[in-house]
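Okay, thanks for squeezing me in. I'll put the structure up and then talk you through it chain by chain.

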Amino acid sequence: MDKLLEILKEIHADVDYDTCETLIDDGILDSFDIISIITEISSEFDVQIPANEIVPENFNSAAALWKLIEKLEDE
Amino acid sequence: MNNILEYMEQTAPRVPDKLAFAGENSELSFGQVFARSKGIGTALSARGYYREPVVVYMHKSPDMVNAFFGVVYSGCFYVPIDEEMPAHRIGLIFGALDPRVVICDGNTRDKAEALGFGGEILMFDDIRDTAEDPAALAKIRKAALDVDPIYIVFTSGSTGVPKGVVACHRSVIDYIETLSEALGFSSETVFGNQTPLYFDACLKELYPTLKFGATTYLIPKKLFMFPVKLVEYLNEKRINTVCWVVSALTMISAFGTFDTVKPEYLRTVAFGSEVFPIKQFNLWRQALPEATFTNLYGPTEATGMCCFYRVDREFGPGDVIPIGGPFRNTEILLLKDDNTLAAPGETGEICVRGTSVTLGYYNNPEKTAESFVQNPLNKAYPEIIYRTGDLARRNDRGELEFISRKDYQIKHMGHRIELGEIEAVVNLEDGIRSSCCIFDDVKKKIVLYYTGDVEKGDLSGKLRAGLPRYMLPHAVIQIDSMPFTPNGKIDRKLLKERWMQGGQ
């Protein structure tokens with residue numbers, strides 16, 4: 001989880017990722033952010049996020065994103 | 001036909017109930033757009049606004065489109081402003097325009113007031129249902145000429161001060177007629193708009209919708225982050241035509257979206273503003289074997305697009321998709337540095353001749369005189385052409401191939417180098433998502449920035465095999481994401497600034 005938070009902090013240092021659950025709904029992340037997050041995750045965690053997992057629910061909070069990474073790592 | 005509004009006046013009475021423009025939260029039929037446009041025109045005219053810029057500062061929506069047409073009814077010209085544009089840039093634009101009136105909605109009113117704008121702020125909702133004054137509108141129309149402006153859109157200037165490009169009815173009519181011909185629009189066309197409303201790119205959807213009685217969906221911006229949802233949206237709305245920037249298309253293909261879902265109704269795909277990486281392009285063609293693909297090229301100063309190439313053959317790694325040739329009633333002159341025409345294969349600057357050339361930059365005679373110039377091949381009478389600053393050559397099929405901006409052409413160790421050519425080689429490598437070369441004119445270094453899943457060392461090795469020695473980058477830097485300009489093009493200026501300031 002720390003590694004993920006580091007990635008996210010790199011993109012927007014001023015967001016409180018522990019509590020924010022509206023990263024997408026409130027427009028905090030834009031499409032370029034999403035692309036960098038996906039790229040970073042694939043190199044740091046050795047998982048590929050498939051297109052059908054690139055949905056708002058998985059990117060709205062750090063916790064949701066972490067759950068997705070764990071799920072993909074188990075597969 | 002002398003006035004862009006004639007499209008709406010012919011179509012709306014024919015299909016008043018058909019859906020014209022739809023957004024995330026609202027939609028408008030042709031009958032509604034028609035009535036409200038005349039109402040807004042009447043409201044502006046009654047307040048004494050005429051033949052002057054009217055800023056439209058609203059959230060991207062069918063209402064914003066409606067405001068554009070209303071402004072044209074009043075005999076004024078609209079200046080669309082991005083809701084999210086930084087206050088500093090809006091300040092520069094207001095400085096260049098000195099407008100007396102701004103049309104706002106609930107999203108922008110406070111921001112407009114915070115700018116310290118001294119003129120009148122009109123709320124869209126307050127003026128949209130104004131009763132039409134047919135006599136006033138008829139009087140305006142009678143005095144209108146086809147060389148009168150419709151809109152001003154601002155492009156970024158190389159010096160950082162935005163320049164307002166002024167386009168007239170005649171240029172836009174010419175563009176809509178020839179573009180519709182080239183892409184085969186009809187009353188059956190369902191557009192999925194991606195580009196912002198504050199650039200000329202959206203002309204491709206807005207005016208053909210009026211001309212044919214077609215339909216335009218303004219796709220919610222958020223969907224461009226979520227490829228599967230985006231394609232599902234295209235299918236739900238039965239969108240059959242898109243004119244998107246390349247990066248919006250590659251966002252879908254690069255993440256394997258087509259394995260999950262394909263756009264079922266899409267038959268016309270037009271793209272432009274950037275080079276389409278061939279690997280991504282071929283994924284699109286495989287996914288949509290029935291669709292036509294058209295590469296578009298053109299500067300804002302020549303009204304939207306001026307060249308097109310409809311893909312008619314296979315493209316493999318290393319091939320370049322040409323920009324083809326001009327639309328009907330436009331000529332492209334490829335001029336060399338000595339102002340003579342480039343021979344086939346020779347590089348020249350793309351210069352546009354024809355009705356598509358816009359009126360120039362608003363309140364900026366110096367910049368206008370730099371690029372809207374007398375045709376050097378015509379010494380006999382005044383004839384203005386637009387010098388794009390873009391370099392191209394004709395291939396052996398006679399098609400134009402874009403090379404790069406003139407500013408990206410550098411001279412290094414006695415060699416003439418197009419930075420775009422280095423990028424083209426880099427983009428061929430597996431795993432490269434995007435690349436951008438800049439030239440450090442102080443240390444005389446070529447610097448390559450790239451994004452993708454390739455190790456720096458591996459890439460350098462491969463480039464050695466693909467590029468002449470003098471074109472090899474001196475520094476190769478991997479970054480997480482490319483910075484983009486508001487136009488959706490890679491922000492070269494920003495990368496260069498970062499490099500020159502010693503950062504990466």
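Before chain A, one bit of housekeeping: the radius of gyration here is taken over C-alpha atoms, and the globule rule is 2.2 Å times the number of residues to the power 0.38. Also, keep in mind that this whole thing is a predicted model.

On confidence, the predictor gives the complex an ipTM of 0.80 and a pTM of 0.84. For chain B the mean pLDDT is 92, with 97% of the residues at 70 or more. The usual caution applies: where pLDDT is low, the predicted coordinates should not be read in detail.

So, chain A. You're looking at four helices and zero strands, so to speak α-α-α-α from the N terminus on. Does the radius fit the rule? Let me put that better: what radius of gyration would a compact globule of 75 residues have? Near 11 Å, and chain A has 11 Å, which agrees. Along the principal axes, the C-alpha trace of chain A spans about 30 × 25 × 20 Å. Buried residues make up 21% of the 75 in this chain. And if you take the contacts in chain A with a separation of 6 or more, 62% of them are between residues 24 or more positions apart.

Now, where the chains meet. 14 residues of chain A are in contact with 16 residues of chain B. On the chain B side, the largest share comes from helix α10, residues 227–236, which puts in three residues. By class, that side of chain B has eight nonpolar, four polar and four charged residues.

Staying in chain B, have a look at strand β10, residues 215–218. Which of its residues are buried? B:Thr215 and B:Tyr217 on one side, B:Thr216 and B:Leu218 on the other, so to say both faces are covered. As for its neighbours, strand β9 (residues 190–193) pairs with β10(B) in the parallel sense over four bridges, and B:Gly192 has B:Tyr217 as its bridge partner there. Strand β1, residues 19–22, also runs parallel to β10(B), joined by two bridges; B:Phe21 is partnered with B:Thr216.

Last stop, further along chain B: domain 1 covers 307–404 and domain 2 covers 413–500. Their C-alpha centres lie 26 Å apart. Each domain gives five residues to the contact. On the domain 1 side, those are three nonpolar, two polar and no charged.

That's my tour, over to you.

Note on methods:
Residues numbered from 1 in each chain as written. Chains lettered and ligands numbered in written order. Predicted model: local features only at pLDDT ≥ 70, side-chain atom pairs only at ≥ 80, totals over all residues. Domains from an automatic or database assignment. Contact = placed C-beta atoms within 7 Å. Nonpolar A, V, L, I, M, F, W, Y, C, P; charged D, E, K, R; others polar. Buried ≥ 20, exposed ≤ 12 C-beta atoms within 10 Å, placed from the backbone. pLDDT = per-residue confidence, 0-100. Pairing = 2+ DSSP bridges.
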